[in-house]
Amino acid sequence: MPLQLEFSSNVFPVETLDLGSGVQEQIVRGGRHLFELLPQAFEGVSQIGVIGWGSQGPAQAMNLRDSLEGSEITVKVGLREGSSSWADAEAEGFTEASGTLGEMFAVIGESDLVVLLISDAAQAELHERILGAVKAGATLGLSHGFLVGHMTNASSEFPANINVVGVCPKGMGPSVRRLYLQGVEVNGAGINSSFAVHQDIDGKATDQALGWSVALGSPYTFQTTLESEYRSDIFGERGILLGAVHGIVEAVYRRFVEQGMSHELAFEQSCESITGPISRMISKQGLIAVYEALDDDERQIFEQSYSASYPAARGVLEEIYEEVSSGNEIRSVNLAGERLKSSEMSTIDGTEMWQTGAEVRSKRAQLDTGIDPFTAGVYVATMMAQVDVLMENNHPYSEIANESVIEAVDSLNPYMHARGVAYMVDNCSTTARLGTRKWGPRFEAQLRQEAFVSVDQEERAPERIEAFKEHKIHEALAACAAVRPSVDIFVE
């Protein structure tokens, strides 16, 4: 059974979302009309300290500042002394002179809500000093459960005199900011967030977390735990969000080239098909719509690639989940952090495939890329395998839908379509980048060595197609789509 949690709010209206199959979850639906309630949600908070200026830092700092405009609450950015990001924060209006920019530990010590957005490696290295700097009675806010996983490995605990909450946007920082700005025109536009209350010492933690999420522009906020969040998040970015999609497009592209396609057409029918029409259809109509849009001959191709790819992808995904749950994946990130102090990661964008991709994107206006049924079968099978692994490990339905489907098609894939999968692999967080480079080749090898061999031998598993058609996730995605804002992210 999925994890089902209940919460109440003294500030925001709480709705019940029927996700089908007898599963109901409570959510808070966002929107700018709720901004006037934020001072009430942040009762007793005079300063929110946003610590760090990486992917999430700029977006969250600016969204919080804009949402709280006119209130008596200050949003102050905290950075290391000498940080190369200092000038970037000043360019966005955060300055020492205005009291909205300062040294990291000073800002932590004076803030009532500390939003910790420094890198995972820095959190692991500095967490004892950070926790020691948070003042008694304050709230520590996390946008990723990595620190909880690291502290579990280290058998350490949070101080007993602070609140600990999580608000975790289901998208990269630039998406959080871009859709917030688009929400000026379309009320409620933004990136969904999960929230968690890990420690509540004064009864204010839930409303503070919900206020934080509403202020970020989240269209809807659902509940999870920080343990469940870090498992699904680290697992998801190694899976369909980044690692798996990288492996899929590499494997399918090479197969098409080996079958005689031109390099440009192979890229169009693999990568472009996934990040373009397949993602757009899933975003608006759900996974099953991809299958239903195909004609009879295309469905035969889809069914063959789906039924062969599902077990291949699932084997890798089960291994990833075990590595994340055991703490091994977090340990590997920490170990890599030490290595990266003396040597930077290389990039992948120089290979022939990604050079071809740049050429294809430059000619996109002349192309009419559709849904390639073989590519769709591989991609949807991997997405469904991830859904099933999370379901069997009792994650909340909203978390499963967001970490396996919605974040991919509404936040990450649009950026991949605009700038390339290689760009995303080379420019995401260090934790995600490490995981993508580690597991992407595993997906590619498993598909080429197992799934595609099965396809060539014309093996079929019709029971997998029936399981896909009847799957519970379709009802859950339909329910999530009903609360999805009409606006799509625009990426230049």
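Start by selecting helix α16, residues 373-392 (helices are DSSP runs of H or I with at least four residues, strands are E runs of at least two, all numbered from the N terminus). At 1.5 Å a residue, the 20 residues of α16 should span 28 Å, and its end C-alpha atoms sit 28 Å apart, which agrees. The expected span here is 1.5 Å times one less than the number of residues.

Before you click further: this is a predicted model, where local features need pLDDT of at least 70 and side-chain atom pairs count only at pLDDT 80 or more, while totals for chains, interfaces and linings use all residues. Residues are numbered from 1 along each chain as its sequence is written, and side-chain values use heavy atoms, with hydrogens and water left out.

**Still on α16**

Color by accessibility. In α16, 19 of the 20 residues are buried, so the helix is largely enclosed by the rest of the structure. Buried means under 20% relative accessible area, exposed means over 50%, and partly exposed is in between, with a 1.4 Å probe and protein chains only.

Which residue caps the N-terminal end of α16? Pick aspartate 372: one of its side-chain oxygens lies 3.1 Å from the backbone nitrogen of phenylalanine 374. That falls under the polar contact rule: a pair of N or O atoms within 3.5 Å, where within protein one must be able to donate a hydrogen and the other to accept it, and residues adjacent in sequence count only if both atoms are side-chain atoms.

Now go just past α16 to asparagine 394, in the loop between α16 and α17. Its phi is near 65 degrees, a positive value in a residue other than glycine. Asparagine 394 is partly exposed, with a relative accessible area of 38%.

For another positive phi, jump to glutamate 458, at about 60 degrees and also not a glycine. Glutamate 458 lies in the loop between α19 (430-456) and α20, and at 62% relative accessibility it counts as exposed.

**Over to α21**

Select residues 473-482, helix α21, and show the buried ones: Ile473, His474, Ala476, Leu477, Ala479 and Cys480. What do they pack against? Their partners are β1 (15-18), β10 (220-223), α12 (287-292), α16, α17 (397-419) and α20 (462-469). Contact means heavy atoms within 4.5 Å.

**The α5, α6 and α9 crossings**

Next, show α5 (residues 120-133) with α6 (residues 146-154). They pack at about 70 degrees, axes 10 Å apart, which makes α5 roughly perpendicular to α6. Axes are lines fitted to C-alpha atoms, for helices over the stretch in contact, and angles run from 0 to 180 degrees between N-to-C directions. As for the labels, angles under 35 degrees count as roughly parallel, over 145 as roughly antiparallel, 65 to 115 as roughly perpendicular and the rest as oblique.

Show side chains at the crossing: Asp120, Gln123, Ala124, His127 and Leu131 from α5 meet Phe146, Leu147, His150 and Met151 from α6. That group divides into 5 nonpolar, 3 polar and 1 charged. The classes go like this: Ala, Val, Leu, Ile, Met, Phe, Trp, Tyr, Cys and Pro are nonpolar, Asp, Glu, Lys and Arg are charged, and the others, Gly among them, are polar.

Zoom in on glutamine 123 in α5. Is it buried or exposed? Glutamine 123 is buried, at 4% relative accessible area. Leaving out residues up to four places away in sequence, it touches Leu116, Ile118, Leu142 and Leu147.

Keep α6 on screen and add α9 (residues 226-238). This pair packs at about 105 degrees with axes 8 Å apart, and α6 and α9 are therefore roughly perpendicular to each other. On the α6 side the contact uses Phe146, Val148 and Gly149; on the α9 side it uses Leu226, Glu227, Tyr230 and Ile234. Here the split is 5 nonpolar, 1 polar and 1 charged.

**Last stops**

Select lysine 76 in strand β4 (residues 74-79). At 12% relative accessibility, lysine 76 counts as buried. Draw a distance from its side chain to that of glutamate 110, and you'll find a polar contact of 2.7 Å.

Then try tryptophan 86 in helix α3 (residues 86-91), which is buried at 17% relative accessible area. Its contacts beyond four places in sequence include Leu79, Arg80 and Glu103. Tryptophan 86 and glutamate 103 are 17 residues apart in sequence and 9.8 Å apart in space, C-alpha to C-alpha.

Finish at leucine 181 in helix α7 (residues 173-182), partly exposed at 43%. Leucine 181 and asparagine 63 are 118 residues apart in sequence, yet 8.7 Å apart in space, C-alpha to C-alpha.
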